[in-house]
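Student: Could you take me closely through one polar contact in this structure, and then show me what lies around it and elsewhere in the fold? I'd like to follow along on the model as you go.

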Amino acid sequence: RNNFYATNGEGILFENNTTFSDREEIVARHARDVEKYGNAVDNSAKTLTLETTEQCNLRCSYCTFDEAYPDERNHGTSVMSLETAKKAILDFSKRASDSDVYIVFYGGEPLLRYKFIVESCEYARSIFGQRVKFSLTTNATLLTGEKIKFIVKENFLITISLDGDQNTHDKFRFTIKNKGTYDIIKNNLRELKENYFDFYKSNVIFNSVVHSFDSALSMGVIFGSDPLTRNSQVRFSFLIQNKKSNEIQTDWIEKNKAYIVSQIISQEIIKNKFLLDIALPTLYNIDVRNLDSDAVVGKKVCIPFVNRTYVRANGDSQFCERIGKYGGVIDNNIKQSSDFYLNEFEKLKKMDCMNCHAYNFCQLCPASFIESSGYDLDKLRTSCEGNRRSVIAFLEMYVDIMEIDPDAIQKCFHLSNG
């Protein structure tokens, strides 16, 4: 059943035997329409992220806003004024999509500015009505009482940072006074779940930082068995990406191919949140892939200032919260800025992506290739090296799974989303 790729001595081919040079022609035919993308900046903006505050009540050891990361801001004291928020929301509304739009409250710890969030939501509702959706990422230490009632009333999507069991979490996530936060968070989660069960089930997701791949599987089981997390989505992220961390991640995937296959076939993967996040989505995307020229058409394009617009506490705008000091508005012209950043990214893609066997399954976003001064080719190649190896490993797993049970991936996917 290994008919996914074939080789002919010149490299890996598409399923219909189109070569990489053919793919370049396909990509050229479906190259971005500048006018269409420009119009998207003007009338299809989707998400506005407000840097509510630079302040935080925790001092997590790995936080990128620490002095150890010179390209990022430090734990500051700046807060966004309501006037700045209103201007950002109004400006966003003038180029927003006619369908649902999203406003994200970001920090620091957003709930330190609870009154600000309430007033900003009221203003956004006065402009967008019910089609605006709110979300925030929080450490959940302040998620209590009145705040919970408001968040539920406004139907927020909440992402909560939780790093596994108590020993692991408290080792890395602690207060300014060096006290662990696990018990506080768990108590707040219990209050939320007990009083608003349906909301908790549909609107609460978790993010966990992977500190060691040696413990990742056991952490996945903990999340999968804990009553407060087992029915929720858990996303796993990794410490600051560099060549060494990419190698460790890819080595782990290659080493555990047989185990991942067995977990899919047995459907035991449903009990492990780590594998559900890092393995099942890629295998599912391979299973439902578009073929040949359609694979290019289906590729998502992240258009700066359309998919996201990030407004810092001082009112400065960037196209993403993940890109340090880069990505601001050039000459006060968002449309011109979007075109510039997209062109810069496409220059990098033409150098490497057209000859990459992982292209159709690549999950790397432009932020993966940005340093403080702009797109960085060396960083791109560092990130891509591990991604290419991982895709090969997942293709091999896919073939093995198909030979045993062609429906196994779909079964696991639907069970995990049931």
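Tutor: Let's begin with the side chain of Ser-208: one of its polar atoms lies 3.2 Å from the backbone oxygen of Leu-162. Please keep in mind throughout that this is a predicted model. Ser-208 belongs to strand β5, which runs over residues 204-210. Is Ser-208 buried or exposed? It counts as buried because its relative accessible area is 3%, under the 20% cut-off. Setting aside neighbours within four places in sequence, Ser-208 is in contact with Leu-162, Asp-163 and Gly-164, with Phe-223, and with Val-234, Arg-235, Phe-236 and Ser-237.

Leu-162 is a handy stepping stone, since you meet this residue again among the contacts of Lys-186. Beyond its neighbours within four places in sequence, Lys-186 is in contact with Leu-162, Asp-226 and Leu-228. Lys-186 sits in helix α7, residues 182-195. Although this is a lysine, its relative accessible area is 6%, so Lys-186 is buried. Which side chain makes a polar contact with that of Lys-186? The partner is Tyr-182, at 2.9 Å.

Leu-228 takes us onward, as this residue is part of the lining of the second largest cavity. That lining also includes Lys-193, Phe-197, Tyr-200 and Lys-201, together with Pro-227, Thr-229, Arg-230, Asn-231 and Ser-232. The volume of this cavity is about 70 Å³, and the search of the whole structure finds three cavities of 30 Å³ or more. Helix α8, residues 197-203, supplies the largest share of the lining, three residues. By character, the lining of the second largest cavity is a mixture of four nonpolar, three polar and three charged residues.

Compare that with an open space, the second largest pocket, with a volume of about 430 Å³. Its lining has 18 residues, and those nearest the centre are Lys-87, Asp-91, Ser-317, Val-329 and Ile-334. Which element gives the largest share of this lining? Helix α3 does, with five residues. At least two residues each come from α2 (34-43), α3 (82-93), β7 (309-311) and α15 (334-352). Seven of the residues lining the second largest pocket are nonpolar, six are polar and five are charged.

Now for the nonpolar packing. The largest nonpolar core has 79 residues, and Leu-50, Phe-105 and Phe-156 have the most contacts inside it. The biggest contribution to this core, eight residues, is from helix α16 (residues 377-404). There is also a second, separate core of 14 residues, with Cys-320, Tyr-326, Phe-369 and Leu-380 among them. Back in the largest core, Phe-105 is worth selecting: leaving aside neighbours within four places in sequence, its contacts include Leu-50 and Phe-156. Others on the list for Phe-105 are Pro-110, Phe-116, Ile-117 and Phe-134. Polar residues are in contact with Phe-105 as well, including Thr-52, Ser-120, Ser-135 and Thr-137.

A few backbone details round out the tour. Gly-107 and Gly-108 are joined by a cis peptide bond, with omega of about 10°. Gly-108 lies in the loop between β2 (101-106) and α4 (114-128).

Where do you find residues with a positive phi that are not glycine? Ala-140 is one, with phi of about 70°, in the loop between β3 (132-138) and α5 (145-153). Gln-267 is another, with phi of about 65°, and this residue is in the loop between α11 (257-266) and α12 (273-278). Their surroundings can be set side by side: Ala-140 has 0% relative accessibility and therefore counts as buried, whereas Gln-267 is partly exposed because its relative accessible area is 29%.

One last stop is Glu-54, in the loop between β1 (47-51) and α3. At 15% relative accessibility, Glu-54 counts as buried, because that value is under the 20% cut-off. What is the C-alpha to C-alpha distance between Glu-54 and Gly-76? The two are 5.0 Å apart in space, with their positions 22 residues apart in sequence numbering.

Notes:
Residues are numbered from 1 along each chain as its sequence is written. This is a predicted model: local features need pLDDT of at least 70, side-chain atom pairs count only at pLDDT 80 or more; totals for chains, interfaces and linings use all residues. Side-chain values use heavy atoms; hydrogens and water are left out. Helices (H or I, at least four residues) and strands (E, at least two) are DSSP runs, numbered from the N terminus. Buried means under 20% relative accessible area, exposed over 50%, partly exposed in between (1.4 Å probe, protein chains only). A polar contact is a pair of N or O atoms within 3.5 Å; within protein, one must be able to donate a hydrogen and the other to accept it, and residues adjacent in sequence count only if both atoms are side-chain atoms. Contact means heavy atoms within 4.5 Å. On a 1 Å grid over the protein atoms alone, a cavity is a set of points where a 1.4 Å probe fits but cannot get out, and a pocket is an open set with protein on both sides within 12 Å along at least five of seven lines; lining residues have an atom within 4 Å of a point. Grid points are joined across faces, edges and corners, and a volume is the space filled by probe spheres set on the points. Ala, Val, Leu, Ile, Met, Phe, Trp, Tyr, Cys and Pro count as nonpolar, Asp, Glu, Lys and Arg as charged, and the others, Gly among them, as polar. A nonpolar core is a set of buried Ala, Val, Leu, Ile, Met, Phe, Trp, Tyr and Cys residues joined through side-chain atoms within 4.5 Å.
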